[in-house]
Amino acid sequence: MKQKSKINNLTLNLEKVYLKKSKKLLFHGWHHIVFVKNKAIVFAKSINANLFFVESAALVHDLNYIVKVNSEPEEANSYRNNILIKSGYSDEEIIKIENIIMEAHTAIRNQNISNEGKSLSDADTLFKSLPITPILFTNNYIKQNKIDIQKLANKITSEQNKLLDEGIYFYTDLAKTKYLNWAKTNLALWNNVKESLEDKSISEMLKIAENLKVL
Ligand SMILES: [Fe+2]
């Protein structure tokens with residue numbers, strides 16, 4: 001089977017799954033997957049990464065959220081395997097895709113990842129740092145993953161400040177040039193959110209709002 005046909009099969013199979021779950025996947029839904037796939041291809045072209053593997057990995061990188069709420073990529077290992085086999089992928093290709101997903105994972109990614117991992121990571125990270133994301137999607141993330149804003153602020157600041165310090169918030173020059181300012185502004189906002197939650201009047205106000213069900 002041609003690579004193009006495998007991607008087409010995979011896209012159709014995934015779209016069906018995602019559309020069924022669209023009310024639950026408020027943050028990591030099909031809108032996120034299509035955005036990450038499109039941007040990953042752009043970043044991949046800029047560094048000569050393998051487009052077939054980047055596109056395939058981007059399409060299946062968040063299947064863990066289909067399997068389990070607030071989960072890690074490895075928890076969808078067998079689900080990913082099944083949907084890739086069903087779409088015509090070989091065992092060898094599936095192993096490569098799994099490796100790209102794991103090395104691009106925000107919580108553990110480092111300096112030494114493949115160009116395919118860099119392309120996926122930059123696209124996935126870009127979604128988080130878009131100026132519209134805190135306004136439109138952060139509340140969706142909180143609802144989808146059933147966590148509170150304190151936990152989310154801790155997660156974002158503990159994972160992302162060090163990536164910025166190490167110079168690998170983005171890997172590709174294209175992402176750095178076009179989007180690093182957005183990323184810095186976004187992370188500054190999250191550092192402020194974390195600091196603001198230490199103010200007792202703010203945390204008390206949030207509790208009242210939760211009790212009133214306005215949040
Ligand atoms: Fe993602």
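Contact here means heavy atoms within 4.5 Å. Keep that in mind for later.

A word on the source. This is a predicted model, where local features need pLDDT of at least 70, side-chain atom pairs count only at pLDDT 80 or more, and totals for chains, interfaces and linings use all residues. Residues are numbered from 1 along each chain as its sequence is written, and side-chain values use heavy atoms, with hydrogens and water left out.

Let's start at the metal. Which residues donate to the iron ion? His32 and His61 each offer NE2, while Asp62 and Asp124 each offer OD. These protein donors lie 2.1 to 2.3 Å from the iron ion. A donor is an N, O or S atom within 2.8 Å of the metal (3.2 Å for Na, K and Ca); water is not among the atoms, so sites may look incomplete. Along the chain, the donor spacing reads H-x28-H-D-x61-D. Asp62 sits in the loop between helix 3 and helix 4, and Asp124 in helix 7, so this pair ties together parts that are 62 residues apart in sequence.

Now the geometry. The 4 donor atoms subtend angles of 85 to 172°, so the arrangement is irregular. The cut-offs are these: four donors are tetrahedral if all angles lie between 85 and 135 degrees; four are square planar and six octahedral if opposite donors are over 155 degrees apart and all others between 65 and 115; anything else is irregular.

Are the two aspartates buried or exposed? Asp62 is buried, at 7% relative accessibility. Asp124 is buried too, at 13%. Buried means under 20% relative accessible area, exposed over 50%, and partly exposed in between (1.4 Å probe, protein chains only).

Asp124 takes us to helix 7, residues 115–129. Helices (H or I, at least four residues) and strands (E, at least two) are DSSP runs, numbered from the N terminus. Helix 7 has 15 residues, and its end C-alpha atoms are 21 Å apart. That agrees with the 21 Å expected at 1.5 Å a residue. The expected span is 1.5 Å times one less than the number of residues. Of the 15 residues, 12 are buried. Among them are Gly117, Leu120, Asp124 and Phe127. What covers them? The cover includes helix 2 (30–46), helix 3 (51–60), helix 6, helix 8 (133–145) and helix 10 (173–196).

Next, Asn64. Asn64 is in helix 4, residues 64–67. Asn64 counts as buried, at 1% relative accessibility. Leaving out residues up to four places away in sequence, Asn64 touches Ser71, Glu72, Pro73 and Ala76.

Last, charges. How many salt bridges does the structure hold? There are 4. A salt bridge is a side-chain nitrogen of Lys or Arg within 4 Å of a carboxyl oxygen of Asp or Glu.

One of them pairs Glu93 with Lys6, the closest N and O atoms being 3.0 Å apart. That pair links distant parts of the chain: Glu93 is in helix 6 (residues 91–103) and Lys6 in helix 1 (residues 3–20), 87 residues apart. Both Glu93 and Lys6 are buried.

Another joins Lys68 and Glu75, at 2.9 Å from N to O. Lys68 is partly exposed at 45%, and Glu75 is partly exposed at 34%.

Then Lys155 and Glu159, with closest N and O atoms 3.2 Å apart. Both lie in helix 9 (residues 149–165), 4 residues apart, about one turn of the helix. An α-helix has 3.6 residues a turn, so residues three or four places apart point the same way. Lys155 is partly exposed at 29%, whereas Glu159 is buried at 14%.
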